[in-house]
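Student: I'd like a close look at one part of this protein, the place where two neighbouring helices meet. Could you walk me through that spot and then link it to what lies around it?

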Amino acid sequence: MSESTKMLTALVRLRGALQGAVLPLDVPGVEAERDARVAMIDQLEDYVIPRLTAIDGPLLTVVGGSTGAGKSTLVNSLIGNRVTEPGLLRPTTRSPVLVHNPADAEWFGQDRILPDLVRSDRSTGDTTTLQLVASEKVPAGLAILDAPDVDSVEEANRVLAAQLLAAADLWLFVTSAARYADQVPWDYLKKAAERSTSVAIVLDRTADDAVETVATHLARMLAARGLKDSPLFIVREGHPDEDGLLPASYVADIRGWLEALADDADARDAVVKQTLEGAIRVISARTYEIASVVEDHGKALLSLRADADRAYDRALDGISKATADGTLLRGEVLARWQEFVGTGELLKTLENKVGGLRDRLVNAVKGKPAQVERVTHAVESGLEKLLIEHAENAAEQAAGYWGSTGPGRGLLQAQDHDLDRASRQFRRDAETLVRDWQHGVLEMVRAEGADKRTTARYLAYGVNGLAVALMVVTFSATAGLSGAEVGIAGGSAVLGQKLLEAVFGDQAVRTLAERARKDLDRRVQELFASERARFTHVLDDLGVDSRSPELLRAAARRVDDLRFAAQSDSISTESV
């Protein structure tokens, strides 16, 4: 594999790594990083990769610069006839014009430089279209592209101007005596100097009496900004003829210089290689910075995920405790349960002595089917209320954690629904969960009592009554302790346990309670997983790949290794 093929492969891989490195979080300075990433991808696609595949193609000279600097008039004058329309009104939005020799037409097809711009043979006024003009007046090996104003008030024009300049082998940067000190053009020229882009400066529309003063000052500015070797051409102020052309003598120096480049293959190659190598160097170096920003995004996402997990883990822990420590055996549930099992002397006896009175206690229970239903409904209502309360608290806490950070706040604002409340579906899902769990408990009791359905005690309490007793036992971690150690709520749970033991035996009751408890925990975990997912899906949908930082660094290192190897080979060759 040749060195150029290796570099092409490495750059394609780098482009893929950059495309996969998204920056979705709102953190300080992220807009600049997003713009830089897009610009790097665009330059790889518009210029670097196509130019590497066609290294011997014509020199693409992009004419860019300030509003009103006379770029189109200059291009027409260089060609010798009207090929692009000067804008009489500002801003002028039109398709960029690329003028080339007919023999070079194949170099500017859709699959070459600027592949995302649609090719056309006429002006469309569309910034997504590239107008191609073939002219014998342009020497073979040279192409001239008239770009929009870099400081246009129209964003589409500014974006296109930046894209076209990034795809140039050579900038013919046009300013005027009135605008040469403006900030925006110098921002572009600074970028050109940083990435070693080949640049020539045209000081257009300069009055005779200002030529020396302005040219001297401009030359000093160029030298101070690393562009002292850039050619500087002066175009004196003049009146275009009826075809919109300046006198040929006004642009003779520029035209002669461009023609000399086109005729000298070595000089042309030197310009292309300088710009290409500079672009590759800057993209590679900037990739490491992007990798660090993506890495910071990954850390922020982990923190946001941990915040959501913390809120929902806390909710699950609260539910687990409340459904095991007797909390649910208070209020309405306790009142309905005591109606079923009886109160007064029965509970007093229970508090004094449990072990030797099982038969007396279970025989004293006076529950009826209607009372069983009331207990069931009370359990259902209490458990639903518990689930909803914790779901609302978890959503509020998770949103609160996110809202305390810039990235989290931006994500909350981007949602089309409120994350700080439980989902609209949650109440219905909670109701379904409780009913399904109660049905499961009923089926456990029915299956466990399959061979006891004819016993007196089974018949006395019924499967519904025994199921209610199992729910009460499940809701109290104090089940099994003596009444003196627990109090009324706990004592009621102990009584439920004794009822079940009278029918099924001690070991079976422990097994049933454990199964019922695990089944409830599983269902609650699944229910809250969907609530938690409302937050985690927001993070997952951002598309941030934890592997991106290393993929970026590895791709940039590969490009750097090939660059350094090529430089070493070049030095070795020169020394020989």
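Tutor: Let's start right at the meeting point. Leu261, Ala262 and Asp263 in H7 touch Ala265, Ala267, Arg268 and Val271 in H8. Sorted by type, the residues of this contact come out as 5 nonpolar, no polar and 2 charged. Keep in mind that you are looking at a predicted model.

Now for the way the two helices are placed. H7 covers residues 252–263 and H8 covers residues 265–322. Their axes come within 5 Å and cross at roughly 100°. That angle falls between 65 and 115 degrees, so H7 counts as roughly perpendicular to H8.

Follow H8 onward and you get to the core. H8 is one of the elements that give two or more residues to the largest nonpolar core. That core has 70 residues. Leu383, Leu387, Trp402, Phe426, Phe475, Phe504 and Phe528 are the members that touch the most other members. Besides H8, the elements giving two or more residues are H9 (331–341), H12 (369–403), H14 (426–448), H15 (456–474), H17 (488–504) and H18 (506–540). H12 gives the most, with 15 residues. There is a general idea behind this: in soluble globular proteins, nonpolar side chains tend to be buried together.

To see what such a core looks like up close, click on phenylalanine 528. Leaving aside residues up to four places away in sequence, Phe528 touches Tyr312, Ala315, Leu316, Ile319, Leu387, His390, Ala391 and Phe426. Apart from this core lies another one, of 61 residues, and its members include Met40, Ile49, Leu160 and Val294.

Stay with H12 for a moment, and look for tyrosine 401, which has its place in that helix. Is Tyr401 buried or exposed? Its relative accessible area is 17%, and the cut-off for buried is under 20%, so Tyr401 counts as buried. Again leaving aside residues up to four places away in sequence, Tyr401 touches Asp307, Arg310, Ala311 and Arg314. Here's a nice thing to check on your screen: Tyr401 and Ala306 are 95 residues apart in sequence, and 9.8 Å apart in space from C-alpha to C-alpha.

That kind of long reach along the chain shows up in the whole protein too. Take the contacts between residues at least 6 apart in sequence: 80% of them join residues at least 24 apart. The protein as a whole has 19 helices and 8 strands. Of its 576 residues, 50% count as buried.

Let's move to another helix, H2, made of residues 30–53. Glutamate 31 and arginine 34 are both worth a click here. Glu31 lies in H2, and Arg34 is found in H2 as well. The side chain of Glu31 makes a polar contact with the side chain of Arg34, at 2.8 Å. Why might two residues at these places face each other? An α-helix has 3.6 residues a turn, so residues three or four places apart point the same way.

How covered are the two? Glu31 is partly exposed, with a relative accessible area of 48%. Arg34 has 19% relative accessibility, so it counts as buried. Arg34 also has a partner in the backbone: its side chain reaches the backbone oxygen of Leu23 at 2.6 Å. Not counting residues up to four places away in sequence, Arg34 touches Leu23, Pro24, Leu25 and Asp26.

For a helix that is mostly covered, look at H3, residues 71–79, where 9 of 9 residues are buried. Among them are Lys71, Ser72, Asn76 and Ile79. Just after H3 comes Gly80, which takes a positive phi of about 100°.

Positive phi also turns up in residues other than glycine. Serine 196 has a phi near 60°. Ser196 is found in the loop between H5 (183–194) and strand E7 (198–206), and it is partly exposed, with a relative accessible area of 29%. Then, within E7 itself, there is arginine 205. Arg205 has a phi near 55° and is partly exposed, with a relative accessible area of 41%.

How values were computed
Residues are numbered from 1 along each chain as its sequence is written. Side-chain values use heavy atoms; hydrogens and water are left out. Axes are lines fitted to C-alpha atoms, for helices over the stretch in contact, and angles run from 0 to 180 degrees between N-to-C directions. Helices (H or I, at least four residues) and strands (E, at least two) are DSSP runs, numbered from the N terminus. Angles under 35 degrees count as roughly parallel, over 145 as roughly antiparallel, 65 to 115 as roughly perpendicular and the rest as oblique. Contact means heavy atoms within 4.5 Å. Ala, Val, Leu, Ile, Met, Phe, Trp, Tyr, Cys and Pro count as nonpolar, Asp, Glu, Lys and Arg as charged, and the others, Gly among them, as polar. A nonpolar core is a set of buried Ala, Val, Leu, Ile, Met, Phe, Trp, Tyr and Cys residues joined through side-chain atoms within 4.5 Å. Buried means under 20% relative accessible area, exposed over 50%, partly exposed in between (1.4 Å probe, protein chains only). A polar contact is a pair of N or O atoms within 3.5 Å; within protein, one must be able to donate a hydrogen and the other to accept it, and residues adjacent in sequence count only if both atoms are side-chain atoms.
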